[in-house]
Amino acid sequence: MLDFRLNVFYTVAKRLSFTKAAAELYVTQPAITKHIQELEHQFGTALFDRRGNQISLTAAGNVLLRHAETIMATYRQLEFDMNALKGESGGTLRVGASTTVAQYVIPPVLARFREQSADVAISLVSGNTEQIEQLLLNNDIDLGLVEGRTHHSDIRYTSFVKDELVLICRADHPLADRDEITLDELRLIPIVLRERGSGSLEVVEHALRGVGVKLTDLTIDMHLGNTESIKSYLGSSRCMAFVSVFAVQHELQAGSLKILDVQNLSIQRDLYSIQLQGVSEGLADTFMRFARQHYKRR
């Protein structure tokens with residue numbers, strides 16, 4: 001039903017590559033070129049600047065992309081609404097999740113949602129919170145699930161589950177037999193932190209500031225880009241790290257990692273679903289209602 005030429009243009013414009021668009025749409029590169037040329041002939045103007053192997057959008061191309069994004073979103077909503085009239089839940093849902101959510105929080109929800117909504121085509125991409133917000137603003141995803149909020153005016157933030165960041169160490173760490181350490185001790189312990197732009201790091205920094213501790217007061221060993229890397233690193237070092245309690249359930253049960261409380265410090269946070277302001281209810285909202293119910297039952 002959707003004009004395939006428009007879909008071709010949209011894919012090329014988002015990827016800025018004829019080759020990648022051809023692979024994504026399962027057509028040949030000459031077919032991609034033919035559809036773009038037909039659109040350019042229809043509108044009487046070039047949509048892409050071509051310089052060697054590089055392409056970029058012209059002014060006309062940018063105008064068409066803005067309208068194409070609106071049309072694509074409307075089509076996805078139409079598909080959802082028509083399926084809903086038939087009592088079905090088919091459609092396409094593009095989800096982006098920040099690293100911790102993508103690895104530990106949302107996979108079990110996706111699995112159960114697919115069991116009852118087999119006709120829904122779901123894709124999941126991950127990145128840090130800033131990257132997921134940008135994907136949403138670029139209309140590359142329909143729904144984001146993030147660990148922090150930047151209060152961007154074009155984004156609607158809705159809490160969907162509570163999380164706690166805990167201080168962890170190896171089970172055979174010299175301090176592992178302690179139940180609690182002081183803030184002064186925390187300042188001296190080598191700490192591994194997430195990278196800048198991570199929602200987790202933002203939450204840790206805010207909580208520490210509330211008890212009079214700056215990140216620069218800590219003995220920072222290094223910054224790592226994801227929680228799995230941090231857990232692996234801790235397995236071979238005497239460092240500690242703040243991670244989501246969702247991320248260490250298996251290690252706590254196996255006894256390979258230990259949680260240490262920090263005196264007067266509690267790091268709680270909301271995990272948020274994010275959508276563009278003004279977007280009407282659709283498959284993303286159906287999925288989020290399911291996700292909230294999943295964690296309410298826990």
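**Helix H9, the nonpolar cores and the aromatic pairs**

Helix H9 makes a convenient starting point: its 12 residues, 199-210, should span 16 Å at 1.5 Å a residue, and the end C-alpha atoms are 17 Å apart, which agrees. The model examined here is a predicted one. At the N-terminal end of H9, Ser198 acts as the cap, with a side-chain oxygen placed 3.1 Å from the backbone nitrogen of Ser200. Beyond the helix comes Gly212, which has a positive phi, near 80 degrees. Several residues of H9 are buried, namely Gly199, Ser200, Leu201, Val203, Val204, Ala207 and Leu208.

Attention turns next to the nonpolar interior. The largest nonpolar core comprises 26 residues, and those with the most contacts inside it are Val101, Val105, Leu145, Phe160 and Phe287. At least two residues of this core are supplied by each of strand E3 (91-98), helix H5 (99-105), helix H6 (107-116), strand E5 (143-146), strand E6 (155-170) and helix H12 (283-296). Helix H12 gives the largest share, 7 residues. Another core, of 24 residues, lies apart from this one and has Ile181, Val204, Leu208 and Leu265 among its members. Two of these names return the reader to helix H9, where Val204 and Leu208 are both buried.

Leu145 offers a closer view of the largest core. When its neighbours within four places in sequence are set aside, Leu145 is in contact with Val95, Gly96, Ala97, Ser98, Val101, Ile106, Ile132, Phe160, Tyr272, Ser273 and Met288. Among these partners, Val101 and Phe160 also belong to the group with the most contacts inside the core.

The aromatic side chains add a further layer to this picture. In total, the structure holds 6 aromatic pairs. One of them joins Phe113 and Phe287 in an edge-to-face arrangement, at 5.1 Å centre to centre and with 85 degrees between the planes. This pair links distant parts of the chain, since Phe113 sits in helix H6 and Phe287 in helix H12, 174 residues apart. Phe113 counts as buried because its relative accessibility is 1%. Phe287 is likewise buried, its relative accessible area being 0%.

A second edge-to-face pair is formed by Phe246 and Tyr295, with 5.8 Å centre to centre and 80 degrees between the planes. Here too distant parts of the chain are linked: Phe246 lies in the loop between strand E10 (240-244) and helix H11 (249-254), whereas Tyr295 belongs to helix H12, and the two are 49 residues apart. Phe246 has a relative accessible area of 15% and is therefore buried, and Tyr295, with a value of 10%, is buried as well. Elsewhere, ring pairs connect Phe9, Phe18 and Phe48 into a cluster.

The cysteines complete the description. The structure holds 0 disulfides. For Cys169, the closest cysteine sulfur is that of Cys239, and a bond is ruled out because the two sulfurs are 11 Å apart, which is too far. Seen from the other side, Cys239 takes part in no disulfide, and its nearest cysteine sulfur is that of Cys169, 11 Å away. Cys169 is buried, with a relative accessible area of 0%, and Cys239, at 4% relative accessibility, also counts as buried.

How values were computed:
Residues numbered from 1 in each chain as written. Predicted model: local features only at pLDDT ≥ 70, side-chain atom pairs only at ≥ 80, totals over all residues. Heavy atoms only, no water. Core = buried A, V, L, I, M, F, W, Y, C linked by side-chain atoms within 4.5 Å. Buried < 20%, exposed > 50% of the residue type's maximum accessible area, 1.4 Å probe, protein only. Helix = DSSP H or I, 4+ residues; strand = E, 2+ residues; numbered from the N terminus. Contact = heavy atoms within 4.5 Å. Phe/Tyr/Trp six-rings, centres within 6.5 Å; stacked < 30°, edge-to-face > 60°. Expected span 1.5 Å × (residues − 1). Polar contact = N/O pair within 3.5 Å; in protein donor to acceptor, adjacent residues only side chain to side chain. Disulfide = S-S within 2.5 Å.
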